[in-house]
Amino acid sequence: MSPTQWDLPPELCCRPMAFVALTGLDVVYNAVHRAIWDAFCANRRADRVPISFKVLPGDHEYPKCRTKRTSYEWYIPKGILKTGWMNKHLNLVPSLVVLFYELDWDDAQWKEKQSECATKVEIVRTSLQGRNTKVAVVLIQKKTPLPPGEDVVASERAAALCNACDLSGKSLFVLPHTDHLVGYIIRLENAFYEHAQTYYYNEIRRVKSHKEFLNKTTHQLLFVRHQFKTGFFSELKQDTQNALKHYRTAYSLVHELRAHETNMLEIKTLAGFINYKICRLCFQHNTPLDAIAQFRKHIDLCKKKIGSAELAFEHTAWMSKQFQSFGDLFDEAIKLGLTAIQTQNPGFYYQQAACYAQERKQQANQLCSHEPNVSYPTPDPVETASGALDFYGQRAWRQGHQSIDPPDPEKEKQGILALQLKEKDVPHSELIIALLSNAVAQFKKYKCPRMKSHLMVQMGEEYYHAKDYTKALKLLDYVMCDYRTERWWSLLTSILCTALKCSYLMGQVKDYITYSMELVGRASTLREDQKSRIEKNLIRVLMNEVPEAELDCDPGSVKAAQVLWTDRVSLGGSNEFTVEVQDYVPFIQCKAKFLSPSFHVDEPVQLHVYLRADCPHPVRFAKLCVSLSNQEYNQYCLVEEACKGKDILEASSQGNMCLVPGKTRKYCFKFVARTEDVGRKIEITSVDLMLGSENGRCVYLNWRGGGGDAASAQEALQASRSFKRRTRLPEQQVDWDAVSIQSSTMVISRVPRITVQLQHEPPALSNEMYCITVTVQSEEDTVAKDVTLTAGLKPGQDANLTQTTHVTLNSSEVCDDAHPALLTDIAVGDLQPGQKIEKKLYIRCVSTGSRIFLFHVSYAMSTTVEGKDITCRCHKDETVTIETVIPFEVAVKFVSTKFEHLDRVYVDVPFLLMMDILSASPWPVHLVSSELQLASSMAAVDQPQSQVEGVVLQTGECASECFSLKCPPVQNGTSTVAAGQYLISWKRKSVSAETPVVKTTVILPHIIVETIPLYVHAELPSFGRVRESLPVWYHIENRTGVVQDVDISVEPSDAFMFSGLKQVRMRILPGTEQEMVYNFYPLMAGYQNLPLLNINLLRFPNVSSQLLRRFLPTRIFIKPQGRNGDASIEAA
């Protein structure tokens, strides 16, 4: 019985498609026929009809049809399903035979060829004697046929050919061999598919017609057989819904059969076939839950149907194949678009298949362990004359037997023995590994890391049992990392034991040492006696001796391993190994720490290394060395002692190189740091511990950084969270959990003994020369040499601050952009003990905001450390944050002579420029002077002079000055012109007179200038008196080159009577001025509105009266009428 006995037959697993036979095609020697065949079978897309084509010769012998049974009264079936039935209908019995014949309608030898064609059709029919297979004829023609009805000759000859060949008109086709061959072929396929559908429909009816002759007493097997055949024909017909219905019925019927040991295998085999079909169709119909439910039902019904106890391994093999087949179906459905989830994916089914395969292996070991003298029976009871069984699931030595008891007990016994002996040769481990590999791939795909690791362990163990130790070790080594990380110590121990056996059997020295170290350590859950045995073996390997064999290993493999180990011992070569401890949990723990995160350069750097052994026996080491980032210090961090091989397991704890289990040993190192390393970090790159000796083998345990292995980080976290009270240890002993790793330290400069004081008056004002006085005083006992000062903006701030901050030592000039933001290495000289030095620093901040300034004082000192003279530099840093604020705000506005706001000015019309300086400084601001620099488009009415010169503004105070300006004529009549700039010279009131004056420039805003055709201004007294005449002169000036017609009218006012022209029209010549005089007579006291003067320009209607009225006064103050006393006072 071959290992593939349980594989499902390929005809069951494939997709059933209608079988159509093509005859009359010479695809080897005829190019036209070859092109036709290629069009049928090459590049078949999914949208083409599902047909299986095969080219057969015209006289091909088809399977003979059995004589139709007329009655089932005395018929007793010998099995459920014949082994060749599915293949017969898929590949041997066609649903349609198509005869290809080259014949044109106008062929000169029409009669002869018609007769030849009819003969060939008759030969095909004869070979299909008794079958319902249809026959069709395809005429291969060279010309493209005319549309139906137009070619009378073709119609007549087609009818004659159908009569000669006894064909219906639907079975005769024409295939023109033209450029559109594929299109014609697709049309032919569709017609063939309809014929095939009809054939399979008739076959289904024929099978169903047998049902009325059956009875449930003797024909139970036939009920199952007929339902299966009906379902299979429905699949061939592509009617999958009906196929699924018939398969479900067949499945129910197969479990109604009376089951006993002789037919149990046949029932399970057919149940497995039908279950496969049902599940496949459910996945095809996109109902995966139905497929899963059917499979679970199938397993529940069949898992107890074990059959013969002596062949129990057959049941587990069959169960394994069921799970594997369903996993394959599930995976295939996923590839076609089905979505699986983490908790329901094919991996679980492959895993279960592997579990049954492992159980099969165990049962085979139990049931097939025959004595060596038991030979294979002769003749072979599992062989048949034809080489194959007649019915699926039956025994070769009793085919067709359906009774409960076997017909020949001796044959039965011989058959069982043959099956057991064949099972013994099955490569079970290979089967199990293949299934586990499939499961691992699925769990990896669906992100189930723990399931993947678990199955990889099983794969490794199977490789171990299969004696493929290399692959076993590779897999186990891969998963051990996960179990170390997740702290599954019991699982890790089990895996390590298997890995240790593999490394021993392969003679892998380094792996053997590594796994031994881990198995005797704290992560191992082995008993103390087991750890002790492993540790002794480890010592033997370190002493270059052959270790004892591991327990429960294959005797043959052990002998081969001993030869390997003997060769390893005798052969010379590299006996040094390095074990990277951070990936393992070895039996020695290490922690290294600097006693401080930083050390001054004038004190020694101290480093402690703590070691602890977790093995059963004390262990000696040969060397301990610490590697630092600066290798020059490594010579100071080394412990080395020559120890003999026999002392490796010395029980005494007195030696400096001996580690006692459970006790922490401390090793102290110290060295003087180099002055060049000031400001640098010293790191522990690794700690190396050498076990063994140069005479035997040297093993270096290498800890990266300051120590720690795969488990130490989690252990340290648990220790920090533990509420358990720690026991107080004697002074000589160290609490391991209390030791923390400190793998790096900084070498920092010597503590400076100087003071740095800063004197200044914050905040700083924008653009001023802000003075900071730096006072440095020495408190050293000796001379501080080479004192330098670095002062200015602290690096690392915003780049904009660097560009707007300038520093200088010169107070007589204002900093410009050429001055830096930081002055470096300003030489100060030497400082005697107690001496004090002052430096003034001037800072100009162009922009406002907060700035951090750095004052760095550095000097050199000579000192002695551990008897070694060194010269080290000391430095003291002081930082100060200074806020920069604006000293004042300047408001600029244009107003008319009546102090009304102007958004535009007019040519040669005087206006006022108002400047308001509002102090925003917390310190008094001294305004030294101010200056107005006008643009060419502006002119001063009189010589502008500073009106704020010498003014001191306190916080919040405001100084104002006013300038009378006018604009000369512009070219376009209207334009926007620049006004110029306003310069303010100022300084802080509290600073010394030596500080340069700061000049602040204010750019004046642009203003719109317009040309006005007529200008009006008035002359009148500053006040009037009630009932006294008030003369007013109005001057009207024509500023154009044309004569102006002007309408002037005066509106009456309740506060005045007036004399003069109330309404007049006048003509003003170009460039001339007209004067009008009015006498106003006030009637009321107080501020009164003057009578309004309305002016209309007939040539310039766009110039409104309101615009011209802006140049005229609108109000005047009227005093009340005077008394006599007032007159005397005036006279006086």
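**Helix packing, a cavity and some backbone details**

Helices H4 and H5 are oblique to each other, and the reason is the angle at which they pack, about 40 degrees, which therefore falls in that class. I should say at once that what we are looking at is a predicted model.

Let me stay with this pair for a moment. In general, two packed helices are described by the angle between their axes and the distance between those axes. Here, H4 covers residues 110–127 and H5 covers residues 152–165, and their axes are 9 Å apart. The crossing in which H4 passes H5 is right-handed. On the H4 side the contact is made by Trp110, Gln114, Cys117, Ala118, Val121 and Arg125, while H5 brings Arg157, Ala160, Leu161, Ala164 and Cys165. If we sort the residues of this contact by character, eight are nonpolar, one is polar and two are charged.

I turn now to empty space inside the model. Rolling a probe the size of a water molecule over the atoms shows where such space is left. How many cavities of 30 Å³ or more does a search of the whole structure find? The search finds six, and I would like to take the second largest of them, which holds about 60 Å³ of space. Its lining consists of Leu8, Gly272, Asn275, Tyr276, Cys279, Phe295, Gln322, Ser325, Phe326 and Leu329. Two elements give two or more residues to that lining, namely helix H9, residues 264–284, and helix H11, residues 312–335. In terms of character, the lining of this second largest cavity has six nonpolar residues and four polar ones, with no charged residue.

Finally, some points about the backbone. As background, most peptide bonds are trans, and most residues other than glycine have a negative phi. Against that background, the bond that joins threonine 378 and proline 379 is cis, with omega at about -5 degrees, and proline 379 sits in the loop between helix H12, residues 346–367, and helix H13, residues 409–424. A cis peptide bond also runs from proline 762 to proline 763, where omega is near -5 degrees; proline 763 belongs to the loop between strand E18, residues 754–759, and strand E19, residues 764–765.

And where is arginine 487 placed? This residue lies in the loop between helix H16, residues 469–485, and helix H17, residues 489–506, and its phi is near 60 degrees, a positive value in a residue other than glycine.

Terms used: Residues are numbered from 1 along each chain as its sequence is written. This is a predicted model: local features need pLDDT of at least 70, side-chain atom pairs count only at pLDDT 80 or more; totals for chains, interfaces and linings use all residues. Side-chain values use heavy atoms; hydrogens and water are left out. Axes are lines fitted to C-alpha atoms, for helices over the stretch in contact, and angles run from 0 to 180 degrees between N-to-C directions. Helices (H or I, at least four residues) and strands (E, at least two) are DSSP runs, numbered from the N terminus. Angles under 35 degrees count as roughly parallel, over 145 as roughly antiparallel, 65 to 115 as roughly perpendicular and the rest as oblique. A crossing is left-handed if the near helix is turned anticlockwise from the far one by less than a right angle, and right-handed if clockwise. Contact means heavy atoms within 4.5 Å. Ala, Val, Leu, Ile, Met, Phe, Trp, Tyr, Cys and Pro count as nonpolar, Asp, Glu, Lys and Arg as charged, and the others, Gly among them, as polar. On a 1 Å grid over the protein atoms alone, a cavity is a set of points where a 1.4 Å probe fits but cannot get out, and a pocket is an open set with protein on both sides within 12 Å along at least five of seven lines; lining residues have an atom within 4 Å of a point. Grid points are joined across faces, edges and corners, and a volume is the space filled by probe spheres set on the points.
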